[in-house]
Amino acid sequence: MYSILPFHAIFPGMDGQPQRPADVPEAAIWLDESTEWQHVPTDEAGLKHGVVRSWRPDGTLVSETTYVRGTANGRYRRFHPNGTVAREGVFVDGNLDGTLVAHGCDQPTTEPMQSCCVPDNAWQLQIDYVHGENRGQRWYDRAGVHILPSGRPFPPRPDSVPPEARFEEEGDIWTITPYTNEAQPHGVWRRWSRAGVLLVHEEYAAGQRHGPSRYFQPDGSLWEEAHFQAGTRSGPYRMMGVPPGRYPDQRIVEERGHFDRNQAVGVWTLHDQSGTQLRRYDLGIAVDDDVLAASPVFADQPPTQAAEPAAAWAALSETLESDGRLGESVIAMARATASARDADGLKLLLARRCFAVTDSAGEGMALDLAKSADGDRGLLLNAFGRGADPIGILRTLAAALGRSDGVALDIADAAVLLAPARADCRVTRALIRIHMGDLAGATADAAHLPDDWSEQRDFILNYARVLFPTFGFWPAAHAVETLFPEVPDGIDQPLDAVRACVQKLATRLVALRQTILASFHKVSRTANGPPTWLPPDLSGLLPAGPVALTTWQYDEIVEDEASQEDAPEGKNDAGNGDAVGGNTATTTPEATLVTVDERLSLEAISLATLMRLARREWCTLTWLCWCTGLDHVALPTVLAPPDAFGKACGMSVERLWRCEDKVITGGLRAMSQKVPGFTWEGIAVDDLPPLLAEIACDDYRELRALFFWLCDAGLQSLWQDNLRGNA
């Protein structure tokens with residue numbers, strides 16, 4: 001078949017109403033928007049009534065649509081330019097209803113059967129409509145043979161496949177997949193092989209699986225059967241096609257049991273090909289995440305005091321096991337393992353109560369859960385019984401607990417004791433130790449990593465060093481440089497405002513220091529006094545005690561700036577519009593409401609987050625002192641900015657842009673624009689792992705805000721909300 005250009009492309013330059021062709025009746029009017037003539041018969045009320053016809057500019061008939069009292073009702077046809085029917089169907093109450101048939105054409109046409117994806121040998125398209133909704137379509141060739149979208153012959157429909165099933169060429173299957181009017185799966189979904197063997201039977205209600213779901217082998221035998229309630233797997237379960245390699249005992253081919261809210265519960269049995277029972281397990285009851293949040297196994301201490309905590313945890317494990325709470329029993333025994341530094345009891349429990357699957361199968365289950373459980377403790381704990389790799393589940397659970405308390409450390413310890421040679425367990429425990437302030441323990445775990453884990457070892461050591469830095473005078477270690485050719489000359493804020501800012505930063509750091517110390521003692525198991533990595537005590541800068549940290553709002557007058565000339569090379573690339581100098585033209589000033597909040601909210605914050613805040617505040621304070629001419633942290637008495645002050649201002653803009661680019665694009669934008677890098681904390685910016693790049697962003701975002709504030713006396717506070725937008 002052919003297609004041709006639209007009329008206006010064939011006859012360019014035709015404007016307004018064209019000359020009326022002889023075949024177009026005088027009653028027809030010209031429509032500019034559709035470039036067609038149209039005749040609309042009406043009733044006494046002026047509503048469309050009768051056959052509405054349209055013609056092309058050359059007079060060939062385009063369409064005929066029957067209307068009754070203003071609504072399309074009846075026959076509908078469109079025509080090819082040669083006069084043959086292009087498509088035909090029926091409207092009912094304004095909607096297509098029934099089968100719409102589109103026809104091919106041997107001559108050039110503006111009426112394709114479909115806008116795209118037409119099989120080369122297609123000659124007819126049939127589309128089934130029900131009240132305007134497309135319910136399926138079929139292609140046919142010139143000989144009337146039903147064909148697939150690829151053009152290949154449509155397979156014969158087996159007797160077992162209902163007439164309403166459609167064939168999906170991509171999957172080589174027949175399907176029935178009903179939906180609600182809101183496009184949610186609803187009703188019985190079925191799939192058959194090309195030969196007509198039922199492969200899938202699923203039942204849905206309002207978008208969720210509800211009822212039995214059955215899956216069959218290509219020979220039609222049952223492979224798996226499960227039951228669902230409102231989207232969760234609940235009810236009896238059978239798997240007849242246990243994958244080879246799942247169990248060491250290769251006779252096992254079938255599992256039978258029950259689920260409750262996606263958790264395997266009660267008695268499960270394993271069977272051979274003849275149905276003979278080979279194994280029996282009791283997986284206990286389902287326990288949801290809300291109940292687990294208050295479970296004694298996640299408490300800081302065992303619920304009963306004993307001579308040894310390990311004995312108390314072991315006793316709790318026994319009680320929970322007898323109550324059918326198997327997952328919690330495993331966690332209690334894991335904590336007994338951590339206390340006693342002996343994994344024998346945990347190994348015995350796992351061997352006695354959990355499916356004995358192969359290592360590869362267990363590891364695969366644990367990996368899948370790590371991705372899909374989304375920290376749901378109920379699902380993670382339930383996986384122990386079904387044979388998921390206990391080490392992988394313990395690691396995932398430790399991470400889900402936040403990696404910053406003794407509970408997580410106990411669980412990670414148990415994983416290491418179960419598999420001392422597993423490097424992934426060492427990494428998990430090292431991160432938990434870092435978050436608890438145990439730098440020596442994290443370093444020891446890093447040292448145990450094999451050579452092929454050097455990347456993880458470097459990250460652990462660098463992360464510990466960055467999170468718990470040496471609080472020296474940081475500007476002294478920086479080589480100040482910038483791409484900006486024009487930079488500020490000096491400080492615009494008055495000395496009193498700068499001194500007040502120093503004391504506010506000191507007040508915030510004093511509060512941080514106290515909170516960090518309290519948090520460390522709460523989570524640490526090795527503390528014998530204050531840690532060496534605490535931020536310095538800055539109370540000496542506050543002779544009258546901490547200063548007030550307040551919040552307020554004010555209207556800031558903003559003058560929009562428009563560049564009068566191109567920015568110097570490198571300026572827009574590195575600064576992304578942040579001007580630190582240059583020629584501008586101002587427009588009409590506008591008032592913007594600015595919020596200032598000098599307070600620090602330190603409640604319910606982890607030790608790691610507190611330390612990130614502390615290094616950010618310390619970075620800002622040391623650079624503020626440097627900007628006044630000091631080489632140490634003190635209250636300035638004069639403002640004597642060093643010669644490199646302006647360059648430092650430009651550097652803060654460039655480096656924040658570079659760090660944010662590393663976080664957002666992985667450095668691709670900087671690479672494409674050839675923006676040079678730099679070294680931060682001894683690491684090239686392009687080599688920073690994502691987490692360290694985020695911390696670097698924290699530092700430079702505060703540093704840029706500091707310089708913006710210092711260079712504009714119209715800004716009221718370092719902590720106003722319009723100083724920290726994206727670079």
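This report walks through some helices, aromatic rings and loop residues of the structure above.

The model is predicted: local features need pLDDT of at least 70, side-chain atom pairs count only at pLDDT 80 or more, and totals for chains, interfaces and linings use all residues. Residues are numbered from 1 along each chain as its sequence is written, and side-chain values use heavy atoms, with hydrogens and water left out.

## Helices

Helices and strands are DSSP runs numbered from the N terminus (H or I and at least four residues for a helix, E and at least two for a strand). A helix has an expected span, which is 1.5 Å times one less than its number of residues.

Let us start with α18, which covers residues 690-710. How many residues does α18 have, and how far does it reach? Helix α18 has 21 residues and reaches 30 Å from its first C-alpha to its last, close to the 30 Å expected. Helix α4 (residues 326-340) has 15 residues, and its end C-alpha atoms are 21 Å apart, which agrees with the 21 Å that it should span.

Next comes the question of cover. Relative accessible area sorts residues into buried (under 20%), exposed (over 50%) and partly exposed (in between), using a 1.4 Å probe and protein chains only. Helix α18 is mostly covered, with 16 of its 21 residues buried. Helix α4 is mostly covered too, with 13 of its 15 residues buried.

Now for two helices side by side. Two packed helices are described by the angle between their axes and the distance between the axes. Here axes are lines fitted to C-alpha atoms, for helices over the stretch in contact, and angles run from 0 to 180 degrees between N-to-C directions. The axes of α9 (residues 406-418) and α10 (residues 423-435) come within 9 Å and cross at roughly 160°. That makes α9 roughly antiparallel to α10 (angles over 145 degrees count as roughly antiparallel, under 35 as roughly parallel, 65 to 115 as roughly perpendicular and the rest as oblique). The crossing of α9 and α10 is left-handed, a term for a near helix turned anticlockwise from the far one by less than a right angle, with clockwise being right-handed.

## Aromatic rings

A pair of aromatic rings is described by the distance of the centres and the angle of the planes. Rings of Phe, Tyr and Trp (its six-membered ring) pair if their centres lie within 6.5 Å; planes under 30 degrees apart count as stacked, over 60 as edge-to-face and the rest as tilted. By this rule the count is 22 aromatic pairs.

One of them joins Y76 and F91: the ring centres are 5.4 Å apart and the planes stand at 80°, so the pair is edge-to-face. This pair links distant parts of the chain, with Y76 in strand β5 (residues 71-79) and F91 in strand β6 (residues 85-92), 15 residues apart. Y76 is buried at 13% relative accessible area, and F91 is buried at 16%.

F468 and W533 also form an edge-to-face pair, at 4.5 Å centre to centre and 65° between the planes. Which parts of the chain hold F468 and W533? F468 sits in the loop between α12 (454-467) and α13 (495-523), while W533 sits in the loop between α13 and β23 (551-558), 65 residues apart. F468 is buried at 6% relative accessibility, and W533 is buried at 7%.

Ring pairs also link Y237, Y247, F259, W268, Y281 and F355 into a cluster. F259 has a further partner: the charged end of R233 sits over its ring, 5.1 Å from the centre (the rule asks for NZ of Lys or CZ of Arg within 6 Å of the ring centre and within 35 degrees of the ring normal). The charged end of R377 sits over the ring of F298, 4.9 Å from its centre.

## Loop residues

The table gathers four residues found in loops.

| Residue | Loop | Relative accessible area |
|---|---|---|
| A206 | between β15 (198-205) and β16 (208-216) | 46%, partly exposed |
| Q301 | between α2 (289-293) and α3 (309-322) | 54%, exposed |
| R341 | between α4 and α5 (344-353) | 44%, partly exposed |
| H478 | between α12 and α13 | 27%, partly exposed |

A206 has a positive phi of about 50° although it is not a glycine. R341, which follows α4, has a positive phi near 55° and is likewise a residue other than glycine.

Q301 and A312 are eleven residues apart in sequence, and their C-alpha atoms are 9.3 Å apart in space. H478 and C697 are 219 residues apart along the chain, with 16 Å between their C-alpha atoms.
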